[in-house]
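Dear colleague,

Please find below the structure that I am handing over to you. My findings follow it, and I would be grateful for your reading of them.

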Amino acid sequence: MDPINPPTKPCHNCRRQRLRCDRSYPHCNKCIAAGKDCLGYGKLFRWTGAVASRGKLAGRTSSAPVEAGGKAVSPCPKEDGKKADLDFFAPSTSPTATSSNVGSPSDGSMLGYGGDMQLVTRSPSPESVVGSPWVLADPLYQDMQHSHRYYLSYFTERVCKDLVSQDIPERNPFRGLLPLTRSHPLLQHIVVAASAAHMSNLVRAPLAYSVKSADDSFTSGIEQASRRALKDALVAKTKALTLMRGAVENINTTGGDVVLAAALFFINVELIESGKHGWKAHLEGAGRIMSLLRPNMVADSALRDYMLSDCFIYFILASAFMPAKSFDTQSYFQPEQIPSILQRAAANSYLCCPPEILSILHSASQLSNVPPEVASEDDVRAAGLALVQQAQAFDIDSWANDVRNISYLQDAPIESRKHAASAHRLAACLYILQAIPSLSNMTDHDEVAEALSRDIFKHLSHIPDDDPNFKATTWPTFIVGAEASGRARREWVMDRLQRLVRSCPWGFLYTAMETLQVVWNLDNNGKGTKSWVQTLKDPEMNFLIV
């Protein structure tokens, strides 16, 4: 349609009002004179979730069914688009609403989405209730199956928040993966798998720790919904695994960044599920893919920086509790690359840990595995003490305040950033004391370890649950928990990990709690050693805590 071939029908506004249209292109002059937004002459999409303004359904959405009691409900996703077996009530009627915010529009959970499961977004509205309108965000996704649109929407609204420190929609590079899912089924399936597994945990988390409901039907419904989402995750993960082989074999055609994103989210899926065993092969695969990447292959360089940074973070934290001989990724993750790669995403990394501290932690993990024939005990001890001094000399305040130089992070909570980074630094020092056997023989070892633990508890206690950096405290919480010997401290650590599950429902947190029980049981049975790090390096453990 152009000025040479004018429209043959009135614009949509004039047609609805039964007015004579002058059929001006691209907008009707009558609409412009009246101050109206002309809808034009092309095809209109029907927006779902509209709110009725009058009649018996006034105030209700077109897509939300109404039960006998008058409460709006939203069904869970099903492949055929039919109503699911169980409805979830709005947050105001849910027993879990007061304890975990599950289902609130602000956290983008499954309770907030309309029954047609379009790829949706909240329309501008002062109302913060489930019944407020949800509209189709991009008609180009309407050929995608219902459940995938549902989980991809959940990915943009909820999962992406866990992948960065400060979730600013236009600055969160992981949302840039969404357009790629349309043209790359591999990426679509693995992102859906991560979202469905995350949703399964999100629904289950408050039930496991805070809900004491007498309503058995509600409890049963929550469990069914969690299992249903987990089933969707497993189906999508299986399809992604099938597609991954072909993508790797044709990496130049598929695109190295797409394959790297898939590898990263395979690791994320394993972390969301449990953080046991399966992540290791995917991390090695990610390292191989990174070695094949060409420069300037991707338009969004920030996305690549964050993906590379996450892979390096996973490698460093994994190597802390892995025997050297059982970890085959060293040749792909070069130590000299660590500072430069981590620095590019450090400002808004979910871990909120200075790259310099991560580099020190990596050096300590390698030093802990040095055999006696390679270096003497005195040399290893001296190198370990030098790493501790290097970590203690790092300027946390200066690093935390550097974020103010980034325009979109002006509102970042600086104080909690300092506390989180300090907790990581102290945890790295505590890890060095326990990971290097020769340091445990120092006369003041126990006093130094106790002082470090006390300071870690102090910094962690200054980061409340609703702070964006709360999710960054898992690793120092785990380290200080492994060191804890008193009942009060152990209960404090376990309570914090349970709160972390409700805030950031990733399955590796359950593994962290199980692993701490293993360490504590050894100590209670008189089988513990000063170096609990060596205990956790048992190949049978094979876990990843991030």
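Where is the place of His 277? His 277 is found in the loop that runs between α9 (256-273) and α10 (279-292). Please bear in mind throughout that this is a predicted model.

I begin with the backbone. Most residues other than glycine have a negative phi. His 277 is not a glycine, yet its phi is positive, at about 60°. With a relative accessible area of 44%, this residue counts as partly exposed, because that value falls between the limits of 20% for buried and 50% for exposed. Cys 352, likewise not a glycine, has a positive phi of about 50°. Cys 352 is located in the loop between α12 (338-345) and α13 (355-367). Its relative accessibility is 0%, and Cys 352 is therefore classed as buried.

His 277 also appears among the contacts of Asn 542. Asn 542 belongs to the segment after α21 (532-536). Once its neighbours within four places in sequence are set aside, Asn 542 is in contact with Gly 275, Lys 276, His 277, Trp 279, Lys 280 and Met 322. Asn 542 has a relative accessible area of 12% and so counts as buried.

As to the protein overall, it contains 21 helices and four strands. It has 546 residues, of which 52% count as buried. Among contacts with a separation of 6 or more, 68% are between residues 24 or more positions apart. The accessible surface amounts to about 24,600 Å², and carbon and sulfur atoms contribute 51% of it.

Turning to the interior, the largest nonpolar core comprises 145 residues. Phe 174, Ile 190, Phe 321 and Trp 475 have the most contacts inside this core. Leaving out residues up to four places away in sequence, Phe 174 touches Phe 155, Cys 160, Leu 163, Val 164, Leu 264, Phe 265, Leu 303, Tyr 306, Met 307 and Asp 310. Another core, of seven residues, lies apart from the largest one, and its members include Cys 11, Cys 21, Cys 38 and Tyr 41.

The aromatic residues deserve a separate paragraph. The structure holds eleven aromatic pairs. One of them joins Tyr 150 and Tyr 151 in an edge-to-face arrangement, with 5.6 Å from centre to centre and 90° between the planes. Tyr 150 is buried, because its relative accessibility is 1%, and Tyr 151 is buried with a relative accessibility of 1%. Trp 506 and Phe 508 form a further edge-to-face pair, at 6.3 Å centre to centre with 65° between the planes. Both Trp 506 and Phe 508 are buried. In addition, ring pairs connect Phe 321, Tyr 431, Trp 475, Phe 478 and Phe 543 into a cluster. Two members of this cluster, Phe 321 and Trp 475, were named above among the residues with the most contacts inside the largest nonpolar core.

Which residue lies over the face of Trp 399? That position is taken by Arg 417, at 4.1 Å from the ring centre.

With kind regards

Conventions: Residues are numbered from 1 along each chain as its sequence is written. This is a predicted model: local features need pLDDT of at least 70, side-chain atom pairs count only at pLDDT 80 or more; totals for chains, interfaces and linings use all residues. Side-chain values use heavy atoms; hydrogens and water are left out. Helices (H or I, at least four residues) and strands (E, at least two) are DSSP runs, numbered from the N terminus. Buried means under 20% relative accessible area, exposed over 50%, partly exposed in between (1.4 Å probe, protein chains only). Contact means heavy atoms within 4.5 Å. Accessible areas come from the Shrake-Rupley method with a 1.4 Å probe; for residues, only the protein chains shown count as cover. Rings of Phe, Tyr and Trp (its six-membered ring) pair if their centres lie within 6.5 Å; planes under 30 degrees apart count as stacked, over 60 as edge-to-face and the rest as tilted. A charge sits over a ring if NZ of Lys or CZ of Arg is within 6 Å of the ring centre and within 35 degrees of the ring normal. A nonpolar core is a set of buried Ala, Val, Leu, Ile, Met, Phe, Trp, Tyr and Cys residues joined through side-chain atoms within 4.5 Å.
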